[in-house]
Structure formats: structure tokens, C-alpha cells
Amino acid sequence: MELSNFDKSLLNLLQGNLPVCKRPFAEMAAKLGTDENFVLNRVRELKAAGYLRRIGTFFNSDNLGYRGTLVALEVEPSEICAVAQAVNGYSEVTHNYEREGKFNLWFTLLTLNADRESSILQEIKSMRGVEDMINLKSNKKFKINVQFKLQ
């Protein structure tokens, strides 16, 4: 599927200008000179084609009282899928990803307190196939707003 000029304009809006209102796609449609149903159908098609992964917002977790950390796991390669699924089972895990190297599964964890963080990390560390873990606490947060201009 090749992106049309309309698709590029729609994707540009979705990256940073999704209106916060009762019918955001109707408002976007007005900006794009079309109707809400057309925009919704294009969004579905773009998602199905892999151009969109998610539509959502980002919150300042610190201001909401959460503490975050990045965790690196060394997992036996034969167990990586099972461990990744188990890690994803925690609502406090925002995402995980496989990487090359000794520490081959990484994830981010947001918890409301140190006890909950410690409990989750102990449970994960004891999972079958997990050989080692590094908890990489942040010292300073740098937020990057990456948007890809498609036109």
C-alpha cells in the first residue's frame, strides 16, 4: 500500500494534533476537507497496513505519582517468548522488546511505590529462563517529541 497525499496529511495530524473533544475524527476530517467516516476508514486501513501501531496519549507519570524504571533481562533464548508474554501480563509494564546481546529482553515498568516495583521484579527474576536482571533507574528524564513530517 502506497501512501497518498491525504494519508500523509492524516498521519501528520495523528502524530501530534489529535483533538481532545467528543468527536476528534470529525474535527480532523473538517481540517482535511472530508468527512468523519472517510477518516475513520483510512485510519483502520493504515493500521491494518502497519503504518499505525497505536493511537493514544502520553501522561507525565512523575506528576501522577508513578516511578519508572528500565529493566534488562538475560533470558534463555528458548524461553524468551514465554517470558515476554509473562512480563506483558503486568499492567505496570508499558512495553518490552527483544534485543541482541547478553541482555536480550528489555521492558519499562511504572509503579506507584517501591514495594510494588520490588515485588514485580522479584517475580520476574524468578521466572523460568530468566538468568540475570539489571534495574536501570533513571537519574534524569529527557523527553523527546519525535514526529515524522510526511510531506
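## Close-up views of a predicted model

**View 1. Ser-61 in its loop.** Ser-61 sits in the loop that runs between H3 and S1. The model shown here and in the other views is a predicted one. Ser-61 is classed as buried because its relative accessibility is 11%, and the cut-off for buried is under 20%. Setting aside neighbours within four places in sequence, the contacts of Ser-61 are Tyr-66, Leu-110 and Lys-141.

**View 2. Phe-59 and a nonpolar surface patch.** Phe-59 lies in the loop between helix H3 (36-48) and strand S1 (67-75). Phe-59 has a relative accessibility of 63%, so this residue counts as exposed. Together with Leu-64, Tyr-66 and Leu-112, Phe-59 makes a nonpolar patch of about 450 Å² on the surface.

**View 3. The largest nonpolar core.** The largest nonpolar core has 18 residues, and those touching the most other members are Leu-73, Val-75, Val-83, Val-87, Leu-105, Phe-107 and Ile-124. At least two residues of this core come from each of S1, helix H4 (80-88), strand S3 (105-111), helix H5 (114-125) and strand S4 (130-137). The largest share is that of H4, which gives four residues.

**View 4. Phe-107 and its contacts.** Phe-107 belongs to the largest nonpolar core and is one of the residues that touch the most other members. Not counting neighbours within four places in sequence, Phe-107 is in contact with Thr-69, Leu-70, Val-71, Leu-73, Val-87, Val-93, His-95, Asn-96, Leu-121 and Ile-124. Another core, of 14 residues, lies apart from the largest one; among its members are Phe-25, Val-39, Val-43 and Leu-46.

**View 5. The buried side of helix H2.** Helix H2 covers residues 24-32, and its buried residues are Pro-24, Phe-25, Met-28, Ala-29 and Leu-32. These residues lie on the same side of H2, because they cover an arc of only 140 degrees around the axis. The buried residues of H2 pack against helix H1 (5-16) and against H3. Just after H2 comes Gly-33, with a positive phi of about 75 degrees.

**View 6. Lys-31, an exposed residue of H2.** Lys-31 is located in helix H2. With 52% relative accessibility, Lys-31 counts as exposed, since the cut-off for exposed is over 50%. Leaving out residues up to four places away in sequence, Lys-31 touches Leu-13 and Asn-17. Lys-31 and Leu-13 are 18 residues apart in sequence, and the distance between their C-alpha atoms is 9.4 Å.

**View 7. The salt bridge of Arg-42 and Asp-7.** Side chains of opposite charge can pair when their charged atoms come close. Eight salt bridges are found in a search of the whole structure. One is formed by Arg-42 and Asp-7, whose closest N and O atoms are 2.8 Å apart. This pair links distant parts of the chain, with Arg-42 in helix H3 and Asp-7 in helix H1, 35 residues apart. Arg-42 has a relative accessible area of 13% and is therefore buried. Asp-7 also counts as buried, because its relative accessibility is 1%.

**View 8. The salt bridge of Glu-36 and Arg-23.** The side chains of Glu-36 and Arg-23 meet in a salt bridge, with an N to O distance of 2.1 Å. Glu-36 is in helix H3 and Arg-23 is in the loop between H1 and H2, so the pair, 13 residues apart, links distant parts of the chain. Glu-36 counts as buried because its relative accessibility is 19%. Arg-23 has 49% relative accessibility and so counts as partly exposed.

**View 9. The salt bridge of Glu-117 and Lys-137.** A salt bridge joins Glu-117 and Lys-137, the closest N and O atoms being 2.6 Å apart. The two residues are 20 residues apart, Glu-117 in helix H5 and Lys-137 in strand S4, and the pair links distant parts of the chain. Glu-117 is buried because its relative accessible area is 5%. Lys-137 is partly exposed, with a relative accessible area of 37%.

**View 10. A salt-bridge network.** Asp-7, Arg-42 and Glu-45 are joined into one network by salt bridges that share partners.

Notes. Residues are numbered from 1 along each chain as its sequence is written. This is a predicted model: local features need pLDDT of at least 70, side-chain atom pairs count only at pLDDT 80 or more; totals for chains, interfaces and linings use all residues. Side-chain values use heavy atoms; hydrogens and water are left out. Patches are made of residues with over 30% relative accessible area and no salt bridge: like charges are joined within 9 Å, nonpolar side chains (Val, Leu, Ile, Met, Phe, Trp, Tyr) within 5 Å. Accessible areas come from the Shrake-Rupley method with a 1.4 Å probe; for residues, only the protein chains shown count as cover. A salt bridge is a side-chain nitrogen of Lys or Arg within 4 Å of a carboxyl oxygen of Asp or Glu. Buried means under 20% relative accessible area, exposed over 50%, partly exposed in between (1.4 Å probe, protein chains only). A nonpolar core is a set of buried Ala, Val, Leu, Ile, Met, Phe, Trp, Tyr and Cys residues joined through side-chain atoms within 4.5 Å. Contact means heavy atoms within 4.5 Å. The arc is that of the directions from the helix axis to the C-beta atoms.
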